[in-house]
Amino acid sequence: MTSVPKAISTDAAHALSVVIPVYKGERSLPDLVNEIEPMTRTSATRGGLAYIVTEVILVHDNGPDSSDAIMRELQDAFPFISTIWLSRNYGQHAATLAGMSASRGEWIVTLDEDGQHDPAFIPDFLDTAIQDRASVVYAKPQNRAPHGRVRNAASRSAKRAVSAIVGGRASQEFQSFRLVRGDIGRQLAGFAKSGVYLDIALSWVTDRVSTTAVTLRDEGERSSGYSYTSLFAHFWRMVLSSGTRGLRLVSILGVTLAVVGVVIAIYLIIARLTGSVEVEGWTSLAVITLMCSGAILVSLGIIAEYIGVTLNVAMGRPLYLVVEDPERAMPLASEETIGQR
C-alpha cells in the first residue's frame, strides 16, 4: 500500500494545501499568491472553523511564458511556497495531480493561476465540506465564465453530453476550483494512470460531493491556453476515462441501425409487392450503405481510442514526470569530466 504523508497539524485549525498548476502565470501569479498569503496565519471561516494555509504548491507545466522565473522569485520570497517542475507540458489535470501527490494538508484546494478563481472563497469551501460531510467540494459559479458565448455554450453542452454518457449529473458540477480531502487526493494521485481525467477519477473513489457558490473573476489580459481543438480533446479524454460506457454506445448504435435497417427493409418489401417501385432503388441502397459504413467507422474509432488508452497504461507511460528545477539542478556533466574528454 502506498504510504501517505501525515496531515500537518496546526493546533485545532484545519490545515489546507493549495495546489496551483502553472502554465501561463507570469502576470497573474504574484497577485494570486499575495491574496493567499494572509491565509497562512490561523483564521476563521464564516462558520467559525479555524483554518490555515500551510503550503502553496506551484506546479510548472512548461508554459510559453516566463512563469518559471516568477515561481523561483516567489519561492525565495515566501517560506510557504514550494515548487514542482514537470519534464514537459502534461496538461492541467496531470499537473494538479502532481501537486496533490506532494501535498501534506488535511485538505487540498486546487485553483487556476489566471486569477479567475478568487481565494477569498476558500473558507466557504471548508464550511461546506464540514457541514455536508463532503469529501469533494466544487465551485458553483453564480455568474458566467469570462469567456466567449460560443465557448461557454460548448462547455455546457460537453458537460451535458458527459452526464448522459457517464450517468447522473456529477460531471455538470466539475470545476478546477475545488476542495478535496487530503488523504483521498494523495492516494488518488498515487494510482492515477496516463490519460486520466481528475474529476472522473474522483468520482471513482467518493460519492460525497457538494458545491459552494462562488463568483468568477475576469482573466484580465491573459488569453485562454485552450483552443477549441484542445477543448474537444479535453472533453474526449473525459469520456474515455469515464469507463466502458463509450463502448456501450457502440452496441446501442449497432442495435439502432439494425432496427432502422429492418424498418427500411419492410418498407421496401411492401413497396415492391404493391408495385409502387418502378425502378430498382439505388437511392435507398446508397443511404443504407452510407449509414452502415459511417456507423462502422465511428465504432472502430471509439474502440481504437480505448485500445490506445489501454496501450499507454500497459507500456507504462507516466501521467507526469517530476524533475529538478532546470535552472538550479546539477549539470549533466561536471567541468572536470568535460576536460577529460
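**Surface, strands and salt bridges in a predicted model**

Phenylalanine 191 counts as partly exposed because its relative accessibility is 38%, where buried means under 20% relative accessible area, exposed over 50%, and partly exposed in between (1.4 Å probe, protein chains only). The structure is a predicted model, in which local features need pLDDT of at least 70 and side-chain atom pairs count only at pLDDT 80 or more, while totals for chains, interfaces and linings use all residues. Residues are numbered from 1 along each chain as its sequence is written, and side-chain values use heavy atoms, with hydrogens and water left out.

Phenylalanine 191 belongs to helix H6 (residues 182-191); helices (H or I, at least four residues) and strands (E, at least two) are DSSP runs, numbered from the N terminus. Together with Trp204 and Val205, Phe191 forms a nonpolar patch on the surface, and the accessible area of the three comes to about 300 Å². Patches are made of residues with over 30% relative accessible area and no salt bridge, with like charges joined within 9 Å and nonpolar side chains (Val, Leu, Ile, Met, Phe, Trp, Tyr) within 5 Å. Accessible areas come from the Shrake-Rupley method with a 1.4 Å probe, and for residues only the protein chains shown count as cover.

Strand S6 (residues 136-141) is a good place to look next. Strands S6 and S7 (residues 178-181) run antiparallel and are joined by three bridges, two strands being paired if DSSP finds at least two bridges between them. Within this pairing, valine 136 stands opposite valine 180 of S7. S6 also runs parallel to strand S8 (residues 209-214), with six bridges between the two. Here alanine 139 has threonine 212 of S8 opposite.

Charged side chains come next. Side chains of opposite charge can pair when their charged atoms come close. Ten salt bridges turn up in a search of the whole structure, each being a side-chain nitrogen of Lys or Arg within 4 Å of a carboxyl oxygen of Asp or Glu. One of them joins the side chains of arginine 217 and glutamate 35, at 2.8 Å from N to O. This pair links distant parts of the chain, 182 residues apart: arginine 217 sits in the loop between S8 and helix H8 (228-240), and glutamate 35 in helix H1 (residues 29-36). Arginine 217 is partly exposed because its relative accessible area is 24%; glutamate 35, with 31%, is also partly exposed.

A salt bridge within one helix joins aspartate 68 and arginine 72, with an N to O distance of 3.6 Å. Both residues lie in helix H2 (residues 67-77), four residues apart, or about one turn of the helix. Which of the two partners is buried? Arginine 72 counts as buried, because its relative accessibility is 7%, whereas aspartate 68, with a relative accessible area of 25%, is partly exposed.

Strand S7 takes part in a further salt bridge, in which the side chains of aspartate 199 and arginine 178 meet at 3.0 Å, N to O. Because aspartate 199 lies in helix H7 (residues 198-205) and arginine 178 in strand S7, the pair ties together parts that are 21 residues apart in sequence. Aspartate 199 and arginine 178 are both buried. Elsewhere, salt bridges that share partners bring Asp68, Arg72, Asp325 and Glu327 into one network.Two buried residues give a view of the interior. Histidine 14 is placed in strand S1 (residues 14-22) and counts as buried because its relative accessibility is 16%. With neighbours within four places in sequence left aside, histidine 14 is in contact with Leu49, Ala50, Tyr51, Ile52, Glu106, Trp107, Leu126 and Ile130, contact meaning heavy atoms within 4.5 Å. Tyrosine 320 is found in the loop between helix H10 (282-314) and strand S9 (322-323), and at 17% relative accessibility tyrosine 320 counts as buried. Its contacts, again leaving aside neighbours within four places in sequence, include Leu86, Tyr90, Ala94 and Ala189. Tyrosine 320 and histidine 93 are 227 residues apart in sequence, yet their C-alpha atoms are 9.9 Å apart in space.

Backbone angles complete the picture. Most residues other than glycine have a negative phi. Asparagine 62 has a positive phi, near 55 degrees, and is found in the loop between strand S3 (50-60) and H2. At 30% relative accessibility, asparagine 62 counts as partly exposed. Arginine 133 likewise has a positive phi near 55 degrees; this residue lies in the loop between helix H4 (122-132) and S6, and counts as exposed because its relative accessibility is 63%.
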